[in-house]
Every structure is written in structure tokens, then in C-alpha cells.
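Colleague: I'm new to this one and would like a close look at a single part. Could you take me through the salt bridges, and take your time over it?

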Amino acid sequence: VGGVSYVIQHACAFRYDGLLLLLYGGALWLLTRPSLRSATCAGLAIAVAPLVSLKSVLFAPPLALFSIFGRGDRSWHPPLRYLRRAAVSAALSFCLLAALHWWARGSGEAKSERAVGDYAQGMFGFRLPIHRYSILERTLEDDPSAWFLVLAGGVLLLAATLRPRADVRRSAALAFLAGAPLLSVLIYRNAWPYYVAGVLMVSVSWIATVPARWLSATRLPVRAGVVLGLLGFSMYSGLESYSWYLGINERLLGEQRRVIAAVKAIFPEPVPYIDRCGMLASFPKVNPFITTLTAGRYRARGVPRFEELLRRAQPPLLLVNINALDPSREWRSGAHALMRQDLALLSANFVPHWGPIWVAGKNLTLQAEEEASFEMLIGGTYTLEAEQPLSIDGRLVQPGQTVQLAQGPHAARAEHAGTARLRYGDHLARPAGKPASTALFEGFHANRPLKLF
């Protein structure tokens, strides 16, 4: 599993999946222990998982069956008190931790409940073609040997559940259930590479079945061949891992760090901002995460939402880390596209500052001695960039001077026809050098291994 490309790229990603795997694996192990203390701890692990991530429901069916069949002794059915202890522990732990969570959050419980229900309806469901067929197709092409072991092991375990011996059927069923979360890639909308990497890690019980079956052969040459084959496969996986390391795009990572440093130089103190995915961890993001699901539902409702967001949250920063947020582009349809009205609104209320960094501002077109009306959705201090002084709300403002503009309507007048720009802030800093023209994110298909042979 360690040599699979997605595992190499995403196993150490800063995501919730790793914690879910720890809770899932820990609960499985505890459910095979015969003591009531283990049942209590397993219930606690099961209770914590849905509070970490809603995707834990994908691990629930195997855990439920393990609770029934997963005892460490020889009996197929565990005592009722064992199941009762695990269930009571899970229920009490979940209620207590959920109450603490909602108490810490304060208000907004109803909104959170609606969001969870909305997320669940969109994230789960079988359909053809599979939600992320291209993601699975790529890893099947890049890692055929690993996937052969996974799928062959799953088939062998299913076949073993039909054996005459009860203990063989039971062991095969438990081993199959342990790796069963891998099947969730068929119904989970967000089965992206980082998720595939996680569920592959829990499928080791399937993978181990193939060499275990061969090693059970009585002939010494067969067992020796299996051992040599496993050593060769391990060496191949190691070389494959190293080839992915050589193919890492350090240039892109460096550019991302450079943009973050530029934002912090422009805004030394965190300010509200708009972007796709929360790229600035210490800054408060004010718009929803822009995914194919959230963007599609927002467009389906047909209600523009960015004007209300700008008026309420007052974000002076727009970080263009997806084309759909780029005010300089013509509107185009697409999976992440905003509504046409909202993209026009961003274009009318933000001005380019440095690379993908845009700040609140207004571009004004002025006629000689005619008053031009404009509205500021984002109030604050603005710097005038123009070739002539302007009279703004009856006050004469020289080029380079600042003016305080509250949210609402304003008027400007100039002696001569021309253009002017109001840029948020008091002469905001601009980083030295030009930013790269490439996108900040290249997607899951960007990096490919540097083949060694």
C-alpha cells in the first residue's frame, strides 16, 4: 500500500482522514477484545468519529457488523452485555461530546443541522458512471500490481465465507469487513485521491490474503517463490515511491508560500477575505468553500449571494485561487462557476493589486464637470489613484491622498474627463518582483512520477 501513488502524495496530508483511520482501526481492534473495558473504549472511539467528520458514516456498517461478530473468543455471537456496553458507551460519549461542541459554538445549531443534512444528501449515493471514475482510472493505471492484490484478496475473502468450516467463514468475514470501507469509493462523491489513500490503508486485510494464501502451500518452492515475489514487490514499491518524490513540483509549493507571504505583507493584521478553499489559515474566510457540489446548488437556487456577503462581512481582500473568482475574466460556465451577476459584482468592487491578490476598490469613469455616482459596498479608508484631483462628496481629494468612504452611495466630480481608481487602504504595500502567471493549484492530476525505468 505504501507504494501506491495516492498514498505517497496524500497519506501525510493535513486532513481529517488520518484521524478517522486511527479511530476506525482502534475501534476494530478493541471490538475483537473479549473484555467489557475494550467494549467501552470502542464505543468512545465510535462516538468521536462522527464529530471529527461526517464521512465517518462510511465506516459505520463494518463497525456495526464487527460489534456483532468481532469477538476474540470462539463464539460467533458475543454476549448481549458486551454489545450493550459498546452501544451505551457510544451513545453517552456522543451525546456528551456533541453537547460540549454545541455549547462551545454558541448559536447557530439549527443552521449547522441543516448544513449537515444538506451535505449528506449531496455526498452519498450510487450512480453510474462512478462519481470519481477518472480518479480510480488513474490509480489503476499507475498502480496495477497493488490494485491486483487488493481486488484479488477481496474476492478470495468472499469465496472463503462459503467454506464449510465455521471458523474459516468467520475469519474471512471479519477480514473482509475490516477492508470494506474501500467499497465506499463507489458511492462517495468526494472520493478524491486523499480519500482513496485513506481507505486503501484499511484494506491491508484484503491485500495480505493473497500472499497468505500462497504461503499456506505445502511445497517449499512455492513458499520460497512467494517470499521472493514479496521482496521484489517491496523493492518496486520503494522505487516507485522515490520516483514520486522526484516528481514533486517544488516550484508550485514555493509560489503558494510566496503568495501567502505577500498577503501578510499587505495586511499585517488578519482581515476578512474571499477565496475558494481557505488558503489563509489565520485570516477569517467569509464565503463558503467553493466545490462542485456547493457551486452547483448555489447556481440551481438562482439567487445571487455576494452582494449580501460584501455588505455584511466587509472583506477587503479577494484571493483569486480559482478561475471562477477572477474578476478579470469573462464569465464562463463550469463546475465551479459563480453566477454571472456575482462575478460582475466582484469586478465592480475589487481592483487588482499583486498577482492573484485583489483588494476592495472602485474604477471610476468621469466626464468633465459632471457628477458621477457610485456605491461602496465595503467601507473604509481608500487611496485615490488619478491624474487629477477629484471632488468626492464635496471634499477635494488630491491624487495619492486618502479618503474615508462609508458603505453606501457617494458622488465624485472632476474638472476634466478621465478615469480614476479608489484602492482600499492607506497606500497598501506591494511585494517586490512579479508573481508567477501560473495557477496556484494545479489539481490532483498535476504531479506524475519521474519514471526510473
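**A walk through the salt bridges**

Modeller: Let's start with R311, which is partly exposed, with a relative accessible area of 30%. Keep in mind that this is a predicted model. R311 forms a salt bridge with E307, and their closest N and O atoms lie 3.0 Å apart. The partner, E307, is partly exposed too, because its relative accessibility comes to 38%. Now look at where they sit: both belong to helix α16 (residues 306–313), and being four residues apart there, they are separated by about one helical turn. Here's the background for that: an α-helix has 3.6 residues a turn, so residues three or four places apart point the same way.

Helix α16 has another pair to show you. The side chains of E308 and R312 meet in a salt bridge, at 2.8 Å from N to O. Once again the two residues are four apart in helix α16, so about one helical turn separates them. As for cover, E308 counts as partly exposed at 46% relative accessibility, while R312, at 53%, counts as exposed; the line between those two classes is drawn at 50%.

Now leave the helix and find R423 and E385, whose side chains meet in a salt bridge with 2.5 Å between N and O. This pair links distant parts of the chain: R423 is in strand β11 (residues 418–424) and E385 is in strand β6 (residues 380–386), 38 residues apart. How buried or exposed is R423? It is buried, with a relative accessible area of 5%, and the cut-off for that word is under 20%. Its partner E385 counts as partly exposed, at 30% relative accessibility.

There's one more thing to trace on the screen. Salt bridges that share partners join E307, R311 and E375 into one network, so the pair we began with, R311 and E307, belongs to a bigger group once E375 is included. In total, the structure holds seven salt bridges, and the pairs I've walked you through are among them.

While we're on links between side chains, you may wonder about the cysteines. How many disulfides are there? The count comes to zero. For reference, a disulfide is a covalent bond between the sulfur atoms of two cysteines. If you'd like to look at some cysteines anyway, C41 is partly exposed, with a relative accessible area of 38%, and C277 also counts as partly exposed, at 27%.

Note on methods: Residues numbered from 1 in each chain as written. Predicted model: local features only at pLDDT ≥ 70, side-chain atom pairs only at ≥ 80, totals over all residues. Heavy atoms only, no water. Disulfide = S-S within 2.5 Å. Buried < 20%, exposed > 50% of the residue type's maximum accessible area, 1.4 Å probe, protein only. Salt bridge = Lys/Arg side-chain N within 4 Å of Asp/Glu carboxyl O.
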